[in-house]
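This briefing is intended to be read alongside the sequence and the coordinates. Please keep both in view while going through the points below.

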Amino acid sequence: MLNTVHALSLEPLYRRRVFQSTRKVDCHAQVANELSEHDLFWKGDDVDTVLFKAAIQQLQIFMLKYGAEVIVRPRLFNGFALVHMTLSGMAEIESDGQKVCIPQGKTALIAPKRNLRLWWQAGSEQLILKVPLALFEELSTMGQPGPANMPSLFLLPQQAAPHWDLLIQSLLRVLALPGQSEGHGEWIRHFERSAAQFLLSQLTSTVQPVLGVSSSAQVAASESGDSLVGAGKLQRLDMLERYIRTRLCAPLALADLASAAGVSVRALNALCHQQYGVAPMDLLRNIRLDAVRERLLTHPSANITDTAFEFGFGHLGRFSAYYRERFGELPKQTRGGMR
């Protein structure tokens with residue numbers, strides 16, 4: 001297994017394999033049984049799915065790899081949140097209108113309230129922590145935000161990653177204890193609570209206050225994406241994405257996008273590069289390309305030209321080039337590959 005960014009020793013987890021299969025139906029059923037009911041869309045036949053699972057006390061740790069590129073649409077979680085850590089490859093998560101890319105080495109907390117969509121790159125490996133909301137609720141009595149105030153999607157700040165890795169490593173070491181359920185209960189509960197409390201502390205420490213700021217301070221803050229962090233940054237990007245998704249076929253300029261996000265053009269450019277690794281207009285194009293691809297995957301009979309125009313692409317030659325650059329295939333191959 002690949003594990004080049006997170007300096008974690010996963011051997012205790014790798015001794016607990018749930019299944020490994022190249023059959024799509026089996027993979028779907030097994031993962032749904034362990035994690036959550038979901039719709040699963042395969043993008044290719046390179047299926048080599050493997051799932052490892054370890055139950056501690058309240059927490060469960062998984063390592064999941066599908067092999068092929070997939071889109072996953074889970075049902076709303078029933079009483080738990082998930083923490084996704086990308087061990088290899090790339091993942092993209094969209095929860096209640098917010099979207100983040102999670103490249104190798106990044107971690108996100110997911111607690112959807114309306115809808116959730118995940119895209120995993122072929123070969124991507126994810127370490128997943130399943131945390132019951134009851135544990136967060138218990139900690140909320142100690143001054144931390146409760147599940148009701150938890151954001152739908154939260155990207156763990158880069159500076160917090162080393163501390164989070166240490167907490168996860170501590171949980172993994174618990175698995176290696178002989179008879180770990182006997183005589184170590186309180187000690188194990190301490191590590192579980194520490195992990196959950198650390199997540200909650202990050203939620204509160206990265207919220208950017210927006211009230212009571214002078215107009216001059218607001219102008220200064222808008223000049224740099226570094227001035228917005230955590231929930232403040234996600235709120236701006238959520239405003240931007242909602243604006244784009246309701247205007248997929250409309251002619252939009254960079255100034256329109258900045259206005260929708262409530263920041264300057266310079267700040268928007270910084271935010272988009274920090275969060276997505278692309279410029280704002282490239283983000284607009286990628287969202288439109290994603291919409292085209294999803295239409296072709298879910299409606300194989302859709303006319304490619306009409307679909308391209310519907311989602312804002314007026315030049316078919318450039319559209320095809322952009323599509324192949326983003327997805328590694330032409331639109332007709334996407335449609336033709338449906339089964």
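The points below proceed from the whole chain to a sheet, a helix, salt bridges and local features.

The structure is a predicted model. The protein contains 13 helices and twelve strands. Of its 339 residues, 51% are buried. A recurring theme is a network of salt bridges that links Arg 73, Glu 92, Lys 99, Arg 117, Asp 290, Glu 294 and Arg 326.

**Overall figures**

- The accessible surface of the protein amounts to about 15,500 Å², and carbon and sulfur atoms account for 52% of that surface.
- Among contacts between residues at least 6 apart in sequence, 72% connect residues at least 24 apart.
- Across the whole structure, 20 salt bridges are found.

**The five-stranded sheet**

- An open sheet is built from five strands in the order E2-E5-E10-E7-E8, with antiparallel pairing.
- Strand E2 (38-43) and strand E8 are the edge strands, each pairing on one side only.
- On average, neighbouring strands of this sheet are turned by 15° against each other, direction ignored.
- Within the sheet, strand E5 (residues 69-74) pairs with strand E10 (residues 116-120) in the antiparallel sense, over three bridges.
- Ile 71 is placed opposite Trp 119 of E10.

**The helix across the sheet**

- Helix H10 (residues 280-298) lies across E2, E5, E7, E8 and E10.
- The helix runs at about 85° to E5.
- A salt bridge also joins H10 to strand E10: Glu 294 and Arg 117 form it, with their closest N and O atoms 3.6 Å apart.
- Because Glu 294 belongs to helix H10 and Arg 117 to strand E10, this pair ties together parts that are 177 residues apart in sequence.

**Arg 117 and its surroundings**

- Arg 117 is located in strand E10.
- With a relative accessibility of 8%, Arg 117 counts as buried, whereas Glu 294 counts as partly exposed at 23%.
- Leaving aside neighbours within four places in sequence, Arg 117 is in contact with Ile 71, Val 72, Arg 73, Glu 92, Ile 93, Glu 94 and Glu 294.
- Both Arg 73 and Glu 92, which appear among these contacts, also belong to the salt-bridge network that includes Arg 117.

**Other salt bridges between separate elements**

- Glu 92 and Arg 326 form a salt bridge in which the closest N and O atoms are 3.8 Å apart.
- Arg 326 lies in helix H12 (residues 316-327) and Glu 92 in strand E7, so this salt bridge ties together parts that are 234 residues apart in sequence.
- Glu 92 is buried at 8% relative accessibility, while Arg 326 is partly exposed at 33%.
- The side chains of Glu 34 and Lys 53 also meet in a salt bridge, at 2.8 Å from N to O.
- Since Glu 34 is in helix H2 (residues 24-34) and Lys 53 in strand E3 (residues 49-55), the pair ties together parts that are 19 residues apart in sequence.
- Glu 34 is buried, with a relative accessible area of 14%, and Lys 53 is partly exposed, with 25%.

**Backbone of the loop between E7 and E8**

- Asp 96 occupies the loop between strand E7 (90-95) and strand E8 (98-103).
- Although Asp 96 is not a glycine, its phi is positive, at about 55°.
- Asp 96 counts as buried, because its relative accessibility is 6% and the cut-off for buried residues is under 20%.

**A nonpolar surface patch**

- Leu 254, Val 265 and Met 281 make up a nonpolar surface patch of about 200 Å².
- Leu 254 is part of helix H8 (residues 254-261).
- At 31% relative accessibility, Leu 254 is classed as partly exposed.

Notes: Residues numbered from 1 in each chain as written. Predicted model: local features only at pLDDT ≥ 70, side-chain atom pairs only at ≥ 80, totals over all residues. Heavy atoms only, no water. Helix = DSSP H or I, 4+ residues; strand = E, 2+ residues; numbered from the N terminus. Buried < 20%, exposed > 50% of the residue type's maximum accessible area, 1.4 Å probe, protein only. Pairing = 2+ DSSP bridges. Axes fitted to C-alpha atoms, helices over the stretch in contact; angles between N-to-C directions. Contact = heavy atoms within 4.5 Å. Patch = residues over 30% accessible without salt bridge, like charges linked within 9 Å, V, L, I, M, F, W, Y side chains within 5 Å. Areas by Shrake-Rupley, 256 points an atom, 1.4 Å probe, with all protein chains shown as cover. Salt bridge = Lys/Arg side-chain N within 4 Å of Asp/Glu carboxyl O.
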